[in-house]
Amino acid sequence: MAGIGTAHLRDAEQSIIRVEHLVVEFPAPRGQKVHAVSDISFDVLPGETLGIVGESGCGKSTTGRALLQLPKPTSGKVVFEGVDLTGLTSEAMRQVRTKMQVIFQDPISSLYPRRTVAELVLEPLAIWDVGSSEDRVQRARLMLSEVNMDYDSVSWRRPYEFSIGQCQRISIARALMLNPRVLICDEPVSALDVSVQAQILNLLEDMKRRYGLTMIFISHDLAVVKNVSDRVLVMFLGKVCEVADAESLYSAPAHPYTRALLMASVISSRALSRAGAQPTTFAEEEETQTEMPSSVTPPSGCRYRTRCPRAQEICGVQEPIMREIKTDHFVACHFPLGAPASTEATAAGHSNT
Ligand SMILES: Nc1ncnc2c1ncn2[C@@H]1O[C@H](COP(=O)(O)OP(=O)(O)OP(=O)(O)O)[C@@H](O)[C@H]1O
Ligand code: SF4
Ligand SMILES: [Mg+2]
């Protein structure tokens, strides 16, 4: 991967979120830049869940924050409900943020520890002066009951009195208080035990169905996003590698990095459960353990090439462009698995091995 292109974008009028050529850079020492997100594009349809997957540092959270203009991206467009957010004033953007809420990985630190549950959950309505105080409490009762918590039993307690899983339930209730259209879930279950993970994932699914939410679900673990995502986008070092519906991506990954991530996921679940599929080759196992290249000086051409067992000469000089290899399955790779080499690679005399 490490590719560019927009072949995977669907009809702009259908999407609730459409990101085009998003670039986010941060200053680095000696006048250099951290290339956190480098020309990525994606869209999300109303009611859809997009899983964004990749290992630590690949730019998932930066992408999530860029949707909310936190901070404003270096360049590119973020269109939400037909409006390009990059052109909005900060006041207009504040209004938009009520419709796009975020759930973070660490619920205990994302909830102010000194506030009671009632204060935390009621706060969004208070800030926006929504309804009477009775209306607000009624809404808080409803949202807490939706996450299986009883307002009268929990409203006076503080976050540190709850488990991480319970805190995540409170975060979900709080995020839904303003009736958002989009929920950005940034590693919402990574800090939880496996059994609690499943409860929170089921809860998010229920909430999505009941409230007609659109979700962006960020995780470093492909296994976690598998069951919740309609479409999955795989990132590596600030670039998009592969985009496909979840079924197609898991059954036939085309990008070498997606394949390696899947192997890593199989290996970790095997380690946990002492059961599971066998990884194919040692090379693939080994690859997933290699360090991420620098995002200050990323590799030329395909950013994955220094770790890729399929890399050929062209990968170092020409960035692969996103292309459709079968219906609704897109990959940015010169030599994908199970598909022909790119036009550029073929023209340069390379073949897919
Ligand atoms: N405010 C910042 N200033 C400088 N660099 C940053 C900043 N925020 C993120 N980065 C860098 O941008 C890159 C992408 O970071 P990001 O947090 O988006 O990755 P991630 O995929 O969410 O990783 P993780 O799985 O660890 O949460 C990393 O190299 C990170 O160090
Ligand atoms: S084969 Fe080339 S283009 Fe494809 S992922 Fe490997 S290095 Fe990148
Ligand atoms: Mg992150």
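1. Rings of Phe, Tyr and Trp, the last taken by its six-membered ring, are paired if their centres lie within 6.5 Å. On that footing this structure, which is a predicted model, holds three aromatic pairs, and Phe 236, Tyr 257 and Tyr 304 together form one aromatic cluster. Phe 236 can also be placed within the fold, since strand 9, which runs over residues 231-236, pairs with strand 10 (residues 239-245) in the antiparallel sense.

2. Two arginines deserve a look alongside the aromatic rings. Arg 115 lies over the face of Tyr 112, at 4.3 Å from the ring centre, while the charged end of Arg 157 is placed over the ring of Phe 162, 4.4 Å from the centre of that ring.

3. Turning to the sheets, one of them is open and built from eight strands, in the order 6-7-8-3-9-10-12-11 and with mixed pairing. Its edges are taken by strand 6 (100-103) and strand 11 (323-326), each of which pairs on one side only, and from one strand to the next the twist averages 20°. Within this sheet, strands 9 and 10 are joined over six bridges in the antiparallel sense, and Val 232 has Ala 244 in strand 10 as its bridge partner.

4. Two helices pack on this eight-stranded sheet. Helix 1 (residues 60-67) touches strand 3 (49-53), strand 6, strand 7 (182-186), strand 8 and strand 9, and its direction makes about 155° with that of strand 8. Helix 8 (residues 194-211) touches strand 3, strand 6, strand 7 and strand 8, and its direction makes about 160° with that of strand 8.

5. Ser 219 is worth checking individually, as a residue of strand 8 (residues 214-219). Is Ser 219 buried or exposed? Its relative accessibility is 2%, so Ser 219 counts as buried, the cut-off for that class being under 20%. Once its neighbours within four places in sequence are set aside, Ser 219 is in contact with Ile 52, Val 53, Gly 54, Lys 60, Glu 187, Val 224 and Val 225; of these, Lys 60 falls in helix 1, which spans residues 60-67.

6. The second sheet to consider is an open one of four strands, in the order 2-1-4-5 and with antiparallel pairing. Strand 2 (33-44) and strand 5 (83-84) stand at the edges with a single partner strand each, so one side of each is left without a neighbour in the sheet. Strand 4 (residues 75-80) is joined to strand 5 by two bridges, and Val 79 has Asp 84 in strand 5 as its bridge partner. Helix 1 packs on this sheet too, touching strand 1 (17-27), strand 2 and strand 4, with its direction at about 115° to that of strand 1.

7. As to the interior, nonpolar side chains tend to be buried together in soluble globular proteins. Here the largest nonpolar core has 62 residues, of which Leu 144, Ile 172, Leu 183, Leu 204 and Leu 222 touch the most other members. Apart from this core lies another, of 32 residues, including Ala 66, Val 78, Met 93 and Met 322. When residues up to four places away in sequence are not counted, Leu 183 touches Gln 101, Ile 103, Ala 175, Leu 176, Leu 204, Leu 213, Thr 214, Met 215 and Ile 216.

8. Leu 176, one of those contacts of Leu 183, has its place in helix 7 (residues 164-176) and is buried, with a relative accessible area of 2%. Beyond its neighbours within four places in sequence, Leu 176 is in contact with Arg 139, Met 143, Leu 183, Met 207 and Leu 213. The C-alpha atoms of Leu 176 and Ser 75, which are 101 residues apart along the chain, are separated by 30 Å.

9. The backbone around the loop between helix 1 and strand 4 should be inspected with care. Pro 71 is found in that loop, and the peptide bond from Leu 70 to Pro 71 is cis, with omega near -5°. Gln 69 lies in the loop between helix 1 and strand 4 as well; its phi is near 65°, a positive value in a residue other than glycine, and Gln 69 is buried, with a relative accessible area of 6%.

10. Asn 148 also has a positive phi, of about 60°, although it is not a glycine. Asn 148 is found in the loop between helix 5 (133-146) and helix 6 (151-154), and at 61% relative accessibility it counts as exposed.

How values were computed. Residues are numbered from 1 along each chain as its sequence is written. Chains are lettered from A and ligands numbered from 1 in the order in which they are written. This is a predicted model: local features need pLDDT of at least 70, side-chain atom pairs count only at pLDDT 80 or more; totals for chains, interfaces and linings use all residues. Side-chain values use heavy atoms; hydrogens and water are left out. Rings of Phe, Tyr and Trp (its six-membered ring) pair if their centres lie within 6.5 Å; planes under 30 degrees apart count as stacked, over 60 as edge-to-face and the rest as tilted. A charge sits over a ring if NZ of Lys or CZ of Arg is within 6 Å of the ring centre and within 35 degrees of the ring normal. Buried means under 20% relative accessible area, exposed over 50%, partly exposed in between (1.4 Å probe, protein chains only). Contact means heavy atoms within 4.5 Å. Two strands pair if DSSP finds at least two bridges between them. Axes are lines fitted to C-alpha atoms, for helices over the stretch in contact, and angles run from 0 to 180 degrees between N-to-C directions. A nonpolar core is a set of buried Ala, Val, Leu, Ile, Met, Phe, Trp, Tyr and Cys residues joined through side-chain atoms within 4.5 Å.
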